[in-house]
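I sat down with this one and a coffee to look up a few things. My notes follow in the order I took them.

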Amino acid sequence: MDGYFSGVITLLSINCIAALGVSLLTGFTGIFTLGHAGYMAIGAYAAAILTIEYSIHFIPAIIVGGILAMICAYLIGIPTLKLVGDYYTIASLGLGEAIRLIIENWNSLTRGARGYPGIEPYTSMPVAITFLVIMTVAMFFLINGRYGRAFKACRDDDIAASLLGFDTFRCRIFSLVISAFYCGVAGALAAGYMTFIQPVMFDTTKSNELVSVVVFGGLGSMSGCLLGTTILTLVTEIFRPIAQYRMLIYGLVLVLIMVLRPEGIMGTNELTPKYIKSLYYKRFHLKRGCH
């Protein structure tokens, strides 16, 4: 049970890191993406190859995996981020699948569809939690700083933001590369946790899952993103004994939240002491008013 519990916490930490990256681009910058599983694949294979073929320590291998994902996102983003709205979403879907297919057919480097076995199990629970804490704090400072305000301005109204002097294209590129770094690190950690990776693990379903947890938690809320990831990961694990109905329950939870609370669990709010206090006073005054 201890091993199972630590495994769930490790998987949850990895999912939270990837979800934070997607939340930055989709929730805070307003760019809907369906291809971030491709950046996870780049990070996973980069870390696996570096640790096995070149005997590099797993920490620099994880960071290099994130950096390679950043570089690919930058090269992809220059031509594609000129697209707006649904056009970029469609392009991201195709690009994510293109990355997966390249990995699947590059047999000399990635061993193709057979997968990449024998990865060192370097992703323990303390390692995953440490990366999650560091990257969550870094994301908090980024969102609440100058760049975070620029991202939100581009999300709310890119034309007004450009008129106010924001370089909207540069902001989008920066948001994309940072989100790709987070997904690349998450993929590298996933490789060390699974010890075996295949291209099929990073298909469109994984991208859809990342977007789902961000929308579920609330667009524009870091704490909502983490809370949504926690709930959906635990739902998946709790109902693992009835595997044939697990995804049905997963989908049902998503539908119920979208119907009952379309803005997500947290909306654009953060789970701060001030917010909790306001909810308490609101409920208290409503009950007292009913009496």
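**Entry 1: L24.** I started with L24, which sits in helix α1, residues 2-28. Worth writing down early: this is a predicted model. Is L24 buried or exposed? The relative accessibility came out at 0%, so L24 counts as buried. Next I listed what L24 touches, leaving aside neighbours within four places in sequence. The contacts are T29, M139, L142, I143, F151, S175, I178 and S179. I also checked L24 against L132, which is 108 residues away along the chain. Their C-alpha atoms are separated by 15 Å.

**Entry 2: helix α7.** F151 turned up among the L24 contacts, and F151 is also one of the buried residues of helix α7, residues 146-156. The others I noted there are G148, A150 and C154. Why do I put them on the same side of α7? Because they cover an arc of only 160° around the axis. On the other side of α7, I found R146, R149 and D156 exposed. What do the buried residues of α7 pack against? I got α1, α6, α8 (158-163) and α9.

**Entry 3: R172.** I then went to α9, where R172 is found. I wanted to know whether this arginine is buried or exposed. R172 has a relative accessible area of 13%, and the cut-off for buried is under 20%, so R172 goes down as buried. Apart from neighbours within four places in sequence, R172 is in contact with L25, T29, I31, L81, V84 and D158. T29 was on my L24 list too.

**Entry 4: the core.** The largest nonpolar core has 75 residues. Y39 and I197 have the most contacts inside that core. Which helix gives the most to it? Helix α9 (residues 168-194) does, with 15 residues. A reminder to myself: in soluble globular proteins, nonpolar side chains tend to be buried together. I pulled up I197 for a closer look and skipped its neighbours within four places in sequence. That leaves I197 in contact with A44, Y45, A48, G115, Y116, I119, A191 and F202.

**Entry 5: a nonpolar patch outside.** I also looked for nonpolar residues on the surface and found a patch of about 730 Å². It is made by I59, I63, V64, I67, L68, I71, Y74, L75 and I78. I picked I63 as my example, and I63 lies in helix α3, residues 58-80. The relative accessible area of I63 is 37%, which means it is partly exposed.

**Entry 6: salt bridges.** How many salt bridges does a search of the whole structure find? The count is 6. I went through three of them.

- R111 and E53 meet through their side chains at 3.4 Å, N to O. This pair links distant parts of the chain, 58 residues apart: R111 is in the loop between α5 (107-110) and α6 (125-143), and E53 is in helix α2, residues 37-53. R111 counts as partly exposed at 28% relative accessibility, and E53 counts as partly exposed at 45%.
- R100 and E97 have a side-chain bridge of 2.9 Å, N to O. Both are in helix α4 (residues 86-105), and because they are 3 residues apart, about one helical turn separates them. R100 counts as buried at 13% relative accessibility, whereas E97 is partly exposed at 21%.
- R155 and D156 bridge at 3.1 Å, N to O. R155 is partly exposed with a relative accessible area of 27%, while D156 is exposed with 58%.

I also noted a network: salt bridges that share partners join E97, R100 and E104.

**Entry 7: G218.** Last stop was G218, in the loop between α10 (204-217) and α11 (222-238). Is G218 buried or exposed, loop position aside? At 0% relative accessibility, G218 counts as buried. Not counting residues up to four places away in sequence, G218 touches E263, G264, I265 and G267. I also checked G218 against S162, 56 residues apart in sequence. From C-alpha to C-alpha, G218 and S162 are 26 Å apart in space.

Key: Residues are numbered from 1 along each chain as its sequence is written. This is a predicted model: local features need pLDDT of at least 70, side-chain atom pairs count only at pLDDT 80 or more; totals for chains, interfaces and linings use all residues. Side-chain values use heavy atoms; hydrogens and water are left out. Patches are made of residues with over 30% relative accessible area and no salt bridge: like charges are joined within 9 Å, nonpolar side chains (Val, Leu, Ile, Met, Phe, Trp, Tyr) within 5 Å. Accessible areas come from the Shrake-Rupley method with a 1.4 Å probe; for residues, only the protein chains shown count as cover. A salt bridge is a side-chain nitrogen of Lys or Arg within 4 Å of a carboxyl oxygen of Asp or Glu. Helices (H or I, at least four residues) and strands (E, at least two) are DSSP runs, numbered from the N terminus. Buried means under 20% relative accessible area, exposed over 50%, partly exposed in between (1.4 Å probe, protein chains only). A nonpolar core is a set of buried Ala, Val, Leu, Ile, Met, Phe, Trp, Tyr and Cys residues joined through side-chain atoms within 4.5 Å. Contact means heavy atoms within 4.5 Å. The arc is that of the directions from the helix axis to the C-beta atoms.
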